[in-house]
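Reader: I would like a close look at one part of this chain, the charged side-chain pairs. Please keep the account plain.

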Amino acid sequence: MKKLATIGDNCIDIYPQLNKAFSGGNAVNVAVYSTRYGMQPGCITWVGEDDFGNTLKSDLARKGVNISHVHTKAGETAQTQVTLNGNDRVFGDYSEGVMADFALSEEDYHWLAGYDIIHAAIWGHAEEAFPRLHAAGKTTSFDFSDKWDSPLWHTLSPHLDFAFASAQIEDEALRLRMKSIVAQGAGAIIVTLGENGSIAWDGRQFWRQTPQQVAVVDTMGAGDSFIAGFLCAWASGQSLHEAMQLGTASASQTIQYHGAW
């Protein structure tokens with residue numbers, strides 16, 4: 001199996017209603033979820049010199065993620081306030097902490113040479129690394145979330161093998177936008193649609209995957225676990241549609257409990 005590394009954002013998700021806090025963030029979540037499928041991932045991110053930073057590093061190591069490049073910086077670990085509205089989560093105040101200045105070092109780039117697939121997300125300040133990583137032959141993956149108006153779509157698409165995003169419904173406007181992104185150079189775009197499943201465009205045809213019917217407890221981490229399942233399937237040589245199927249199974253598992261993982 002090809003090796004996966006994630007770079008960029010992390011945070012501590014604080015649930016005041018539950019009086020609990022969970023380690024999270026896209027780069028962290030995707031790395032952790034990938035261990036479900038035999039992956040031994042690495043993660044490059046920054047945490048603060050506080051209890052939350054220690055907790056996050058400890059949680060990652062316990063889950064089997066290589067934390068040798070989870071760097072501790074002077075300051076606070078990123079934090080997000082999360083409230084529950086039924087079985088959905090609502091993000092409140094966010095403090096970026098030390099992640100506000102995140103950037104890869106040359107030592108980080110050297111370490112990434114040992115990995116095949118590199119993933120990051122729109123909040124992680126990692127976009128400047130992707131032209132270099134893609135040119136080096138890495139399979140590159142980036143999550144734009146629901147930020148369809150981001151200028152990064154134009155600058156990053158030529159350097160991505162997989163672009164991920166989320167939307168509410170599939171319509172003609174979405175399909176046209178997906179086609180335009182691949183036309184700009186992305187290898188494929190995969191859009192998760194919540195309870196409506198997911199859709200992908202690879203430049204030749206649309207692929208669709210229906211959701212699994214499960215009891216939803218908390219949607220936190222659903223998209224990240226979909227990405228992890230997708231990338232693990234791809235890393236083991238499966239097709240794009242098979243990767244969507246494993247992504248769906250992974251997301252379905254995640255939404256049946258509180259917190260990302």
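Which residue forms a salt bridge with Arg132, and how many Å apart are the closest N and O atoms?

Author: The model is a predicted one. In it, the salt-bridge partner of Arg132 is Glu106, and their closest N and O atoms are 2.9 Å apart. This pair links distant parts of the chain: Arg132 sits in helix α4 (residues 130-135), Glu106 in helix α3 (residues 106-112), and their positions lie 26 residues apart in numbering terms, that is, they are 26 residues apart. Arg132 counts as partly exposed, at 40% relative accessibility. Glu106 has a relative accessible area of 52% and is exposed, because the cut-off for exposed is over 50%.

The count for the whole model comes to 7 salt bridges, and two others can be set beside this one.

One of them is formed by Arg208 and Glu170, with the closest N and O atoms 2.6 Å apart. Here too the pair links distant parts of the chain, 38 residues apart. Arg208 belongs to strand β13 (residues 206-209), while Glu170 is in the loop between β10 (162-166) and α6 (172-183). Both ends are partly exposed: Arg208 has a relative accessible area of 45%, and Glu170 is at 27% relative accessibility. The pair does not stand alone, as salt bridges that share partners join Glu170, Glu172, Arg175 and Arg208 into one network.

The other is within a helix. Asp59 and Arg62 meet through their side chains in a salt bridge of 3.0 Å, N to O. Both residues lie in helix α2 (residues 51-63), 3 residues apart, which is about one turn of the helix. The two ends fall in opposite classes: Asp59 is buried, with a relative accessible area of 14%, whereas Arg62 counts as exposed at 56% relative accessibility. Asp59 is called buried because its value is under the 20% limit.

A polar pair outside the salt bridges can be added. Ser145 is found in the loop between β9 (139-143) and α5 (152-156). Its side chain is joined to that of Asp146 by a polar contact of 3.4 Å. Ser145 counts as buried, at 15% relative accessibility. Apart from neighbours within four places in sequence, Ser145 is in contact with Trp123, Phe164, Ala165 and Ser166.

Definitions and conventions:
Residues are numbered from 1 along each chain as its sequence is written. This is a predicted model: local features need pLDDT of at least 70, side-chain atom pairs count only at pLDDT 80 or more; totals for chains, interfaces and linings use all residues. Side-chain values use heavy atoms; hydrogens and water are left out. A salt bridge is a side-chain nitrogen of Lys or Arg within 4 Å of a carboxyl oxygen of Asp or Glu. Helices (H or I, at least four residues) and strands (E, at least two) are DSSP runs, numbered from the N terminus. Buried means under 20% relative accessible area, exposed over 50%, partly exposed in between (1.4 Å probe, protein chains only). A polar contact is a pair of N or O atoms within 3.5 Å; within protein, one must be able to donate a hydrogen and the other to accept it, and residues adjacent in sequence count only if both atoms are side-chain atoms. Contact means heavy atoms within 4.5 Å.
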